[in-house]
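Visitor: Please show me the model. I would like to ask how some of its labels are justified.

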Amino acid sequence: GDTIGIIGGGQLGRMMALSAKQMGYRIAVLDPTEDAPCAQVADYVITANYDDIEACKQLAAQSDVITYEFENIDEEAARQLSAVSDFPQGFNVLRTTQHRVKEKEALVSLDVPVAPFALITKKDEWSEAINQTGLPAVLKTCRGGYDGKGQAVVKTESELTAAIEKLLPHGELVLEQFIPFDLEISVILTKSRNGEVTVFPVAENEHRDNMLYRTIVPARITKDMEEEAVAIAERIGEGLDVVGTLAVEMFVTKDGAILVNELAPRPHNSGHYTIEACKTSQFEQHIRAVCGLPLGSSALLSPVVMENVLGEHMEPLMERLDNLQQVSLHLYGKKEAKVKRKMGHLTVLGTDTDACVNVLDQFWMQHILH
Ligand code: ATP
Ligand code: MG
Ligand code: MG
């Protein structure tokens, strides 16, 4: 039997597992919390921390191939996994993308434009950092941040020193120039272990409170910019020797320049639209890539808008379920609907993206929630 082991049992792992099971694979998952979204649909569940070497070995023993939905994997754990099982994505891309400055340096060395940045390891490095970035700027922890956690926008020197004081206990920091972007886009690339590459259509992403709120495809950018965004993603995929999925988040500035914000070496929230709107979903494509199957077509079947469902949306969502005819509903099986927790997502296909947005706004009835 072919069993795929997944490190991380959140919604990304769950959607990977659902695709993989449809393709006939068995799923083993490692996650610290019992009854995690992926654990609910897996065939074999290991409840342990990600850096628990014995648990990683147990996952490896159960699995013919191992992948992850969670990129903060311990290096020793990855070494053990590679020794006992097949870990085609390797540790190099993880090492780079686990640390924002290492990631930016790798991008610079590939001639990929990023916002000016500076590493901050000590309090007194703030003024040198400002020389690189100017103000306003964004201070971020180098490791572990997501959904805007461990970040602060700073407009003055005193705001910066206060933010450093607050964030430095969490480890090294990076200061980035604040980019007054026109829009944000992302490109999701898949590279199979056989070297085959596909790229999904460029997604336009709207964030609220630093969290992805809505993804619109096709992105409202010119053909030239679309080509440039894809070329950048391909350059990174090639340069970092990616296997599996690589999501590239980018800023588009007013004068049409593209800067890369950050990378994620896994399926990405901004790629959920592919489940209904592309010939092959990002999850199926990822499974094909790590299992060494030929990749599917990444072609777009229809204009589409995807919207996240957060904890605070759950009650009103459930009240509107009788209006769901045109909306695809995905729920992740999370028990507690905490504020800002990603509980699920909605997808709408339509003749154009404005029509999709209208369906969602109608669904929520007069923007009650937005
Ligand atoms: P994710 O959940 O995407 O992993 P994260 O916590 O890693 O989020 P970033 O992607 O670095 O955070 O930032 C979150 C959002 O904050 C970005 O999508 C963008 O809207 C805004 N942002 C981040 N950095 C900058 C910047 N340098 N200039 C302007 N806006 C920024
Ligand atoms: Mg991130
Ligand atoms: Mg991000």
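Guide: This is a predicted model. Take Asp209, in the loop between strand E11 (203–208) and E12.

Visitor: Why is Asp209 called exposed?

Guide: A residue counts as exposed if 12 or fewer other C-beta atoms lie within 10 Å of its own. Asp209 has 9 C-beta neighbours inside 10 Å, so Asp209 is exposed.

Visitor: What makes the phi of Asp209 worth listing?

Guide: Phi of Asp209 is near 50°, a positive value, and the residue is not a glycine.

Visitor: Which label does Lys340 get, and why?

Guide: The label partly exposed covers what lies between two cut-offs, 12 or fewer neighbours for exposed and 20 or more for buried. Lys340 has 15 C-beta neighbours inside 10 Å, and therefore counts as partly exposed. Lys340 also has a positive phi, about 70°, without being a glycine. Its place is the loop between strand E16 (328–331) and strand E17 (342–349).

Visitor: What is the omega of the peptide bond from Leu135 to Pro136, and what is the bond called?

Guide: Omega is near -5° there, and the bond is cis. Pro136 sits in the loop between helix H6 (126–133) and strand E6 (137–141).

Visitor: What kind of peptide bond joins Val217 and Pro218?

Guide: That bond is cis, with omega about 5°. Pro218 belongs to the loop that runs between strand E12 (211–217) and helix H8 (223–239).

Visitor: How do you know that E1 and E4 are paired?

Guide: Pairing requires at least two bridges found by DSSP between the strands. Four bridges join strand E1 (residues 3–7) to E4, so the two strands pair, and they run parallel. In one of these bridges, Ile4 has Val65 of E4 as its partner.

Visitor: Which sheet do these strands belong to, and is it open or closed?

Guide: The sheet is open, with four strands in the order E3-E2-E1-E4 and parallel pairing.

Visitor: What makes a strand of this sheet an edge strand?

Guide: An edge strand pairs on one side only, as do strand E3 (44–47) and strand E4 (65–68). From one strand to the next, the twist averages 20°.

Visitor: Which helix packs on the sheet, and which strands does the helix touch?

Guide: Helix H2 (residues 53–62) packs on the sheet and touches E1, strand E2 (26–31), E3 and E4. The direction of H2 makes about 175° with that of E2. Angles here run from 0 to 180 degrees between N-to-C directions, so H2 and E2 point in nearly opposite directions.

Conventions
Residues numbered from 1 in each chain as written. Chains lettered and ligands numbered in written order. Predicted model: local features only at pLDDT ≥ 70, side-chain atom pairs only at ≥ 80, totals over all residues. Contact = placed C-beta atoms within 7 Å.
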